[in-house]
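Trainee: I would like to learn how to read the features of a model one by one, beginning with the general idea and then turning to the case at hand. Could we start with the aromatic rings?

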Amino acid sequence: MKRLPLISIVLLVIVLASLPQVIKKDSTINLLILIFLYITLATGWNILGGYAGQTSLGHAAYFGLGALATRMLWFEGFPILPSLVAGGILAVIFALLIGGPAFRLKGVYFAIGTLALAQILYVTVGNIYPEISALPVNELVSYKITDRYYLFLGIAVFAVAAAYFLVNSKLGLGMMAVREEEDAAESLGVSAMEHKLIALGVSAFITALGGGAFAYYHVSFYPQFPFSPAWSLDMLTMVYIGGAGTILGPIIGAVFFVALKEFLVLNVGEYHLIVFGVLFILVVLFLPGGIISIWKRIQHARKSRSKAATQKLSPTEN
């Protein structure tokens, strides 16, 4: 990320922003929206799981809370942007309330605990709220897919930028220190609990923004659906496929995940879940650094060959 010139990133965003003016197919716009959503979710999860080292299986809770709160406020007449922020704040409050007790659990117990909390919300929302929520007629008439496209693009850019600046700050260094060795970090004056809670709060906020945009995007919305455990597993899968603990990893993982998922759904149908399961196992076993580690290996090999060639051409010392 550091090697990419700022101007290249700006130009890429400009190109993405101009696509709705060029692409007229709604199916293509919808596919790009899905990619932006998954980039947001993967980036949000990566802050807690990749940089702070806390593997969460319950991020669907924050995604669902953001979606539910945003949808309700928006239906009450609030503008969409304040509704999104309110949904994000609600998710952060929930995350911080459960964060203290949850972080007392270690390793697999933490992952199972977060999964259980998300599952409780999934069942509760399914029992309280109606099965489907449809857009009011006035909103349906004014519905524009391009408005949703720009919202998802803006949130994805915000998520990546926030992650970049966070991990390159003192807070980010503290999170990575906690990830590598918690006891050693504590001995150096780094509060493990404080850094975990900050990572959880930022991660929950970004995930909830994605949930809010998801609720704003759908004409017919199922309140229980965003709380499904499948969302949490998708986030984890994308990050590990792309490369955990990196900025580009979640982006690469999200694009790869969406492209492969669309291809498999069209060709193998429901069996795509089996393919993803096998792929995830193979990545963990044989490519633990994710797809981005391939590029790192190529760069390392080039540097090694260049160094060897330089030494070979240099005069021999007597």
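Mentor: Rings of Phe, Tyr and Trp, the last by its six-membered ring, are counted as a pair if their centres lie within 6.5 Å, and planes under 30 degrees apart make the pair stacked. Please keep in mind that this is a predicted model.

Trainee: How many aromatic pairs does the structure hold, and how are the rings of Phe103 and Phe110 arranged?

Mentor: The structure holds 17 aromatic pairs. In the case of Phe103 and Phe110, the ring centres are 5.2 Å apart and the planes meet at 10°, so this pair is stacked. Both Phe103 and Phe110 are, moreover, buried.

Trainee: Which residues form one aromatic cluster, and what lies over the face of Tyr216?

Mentor: One aromatic cluster is formed by Tyr38, Phe63, Phe214, Phe221, Phe225, Trp231 and Phe257. As for Tyr216, Arg148 lies over the face of this residue, at 3.8 Å from the ring centre.

Trainee: Let us turn to helices. Which residues of α13 are buried, and how are they placed around the axis?

Mentor: The general idea is that an α-helix has 3.6 residues a turn, so residues three or four places apart point the same way. In α13 the buried residues are His272, Phe276, Leu279 and Val283. Viewed down the axis of α13, these buried residues fall within an arc of 65°, so they line one face of the helix. The face turned away from that buried side carries the exposed residues Leu273, Ile274 and Leu285, while the cover over the buried residues of α13 includes α11 and α12 (248–268).

Trainee: How does the length of α13 agree with what its number of residues would suggest?

Mentor: With 15 residues (272–286) at 1.5 Å a residue, helix α13 should span 21 Å, and its end C-alpha atoms are indeed 21 Å apart.

Trainee: Where does α2 bend, and why can it be called largely enclosed?

Mentor: Helix α2 (residues 26–51) should span 38 Å for its 26 residues at 1.5 Å each, and its end C-alpha atoms are 36 Å apart, which agrees. The helix nevertheless bends by about 35° at Trp45. Because 20 of the 26 residues of α2 are buried, the helix is largely enclosed by the rest of the structure. Just after α2, Gly53 takes a positive phi of about 75°.

Trainee: How should I read single residues, for instance Thr237: is it buried or exposed, and what does it touch?

Mentor: A residue counts as buried under 20% relative accessible area and as exposed over 50%, with partly exposed in between. Thr237, which lies in helix α11 (residues 229–242), has a relative accessible area of 12% and is therefore buried. Leaving aside residues up to four places away in sequence, Thr237 touches Phe257 and Phe280.

Trainee: What is the accessibility of Val108 and of Tyr122?

Mentor: Val108, whose place is in helix α5 (residues 108–128), is exposed, with a relative accessible area of 52%. Tyr122 also lies in helix α5, but this residue has a relative accessible area of 24% and is therefore partly exposed. Apart from residues up to four places away in sequence, Tyr122 touches Gln224, Phe227 and Ser228. Between Tyr122 and Ala184, by contrast, there are 38 Å in space, C-alpha to C-alpha, and 62 residues in sequence.

Notes. Residues are numbered from 1 along each chain as its sequence is written. This is a predicted model: local features need pLDDT of at least 70, side-chain atom pairs count only at pLDDT 80 or more; totals for chains, interfaces and linings use all residues. Side-chain values use heavy atoms; hydrogens and water are left out. Helices (H or I, at least four residues) and strands (E, at least two) are DSSP runs, numbered from the N terminus. Buried means under 20% relative accessible area, exposed over 50%, partly exposed in between (1.4 Å probe, protein chains only). Contact means heavy atoms within 4.5 Å. The expected span of a helix is 1.5 Å times one less than its number of residues. The arc is that of the directions from the helix axis to the C-beta atoms. The bend at a residue is the angle between axes fitted to the seven residues ending there and the seven starting there. Rings of Phe, Tyr and Trp (its six-membered ring) pair if their centres lie within 6.5 Å; planes under 30 degrees apart count as stacked, over 60 as edge-to-face and the rest as tilted. A charge sits over a ring if NZ of Lys or CZ of Arg is within 6 Å of the ring centre and within 35 degrees of the ring normal.
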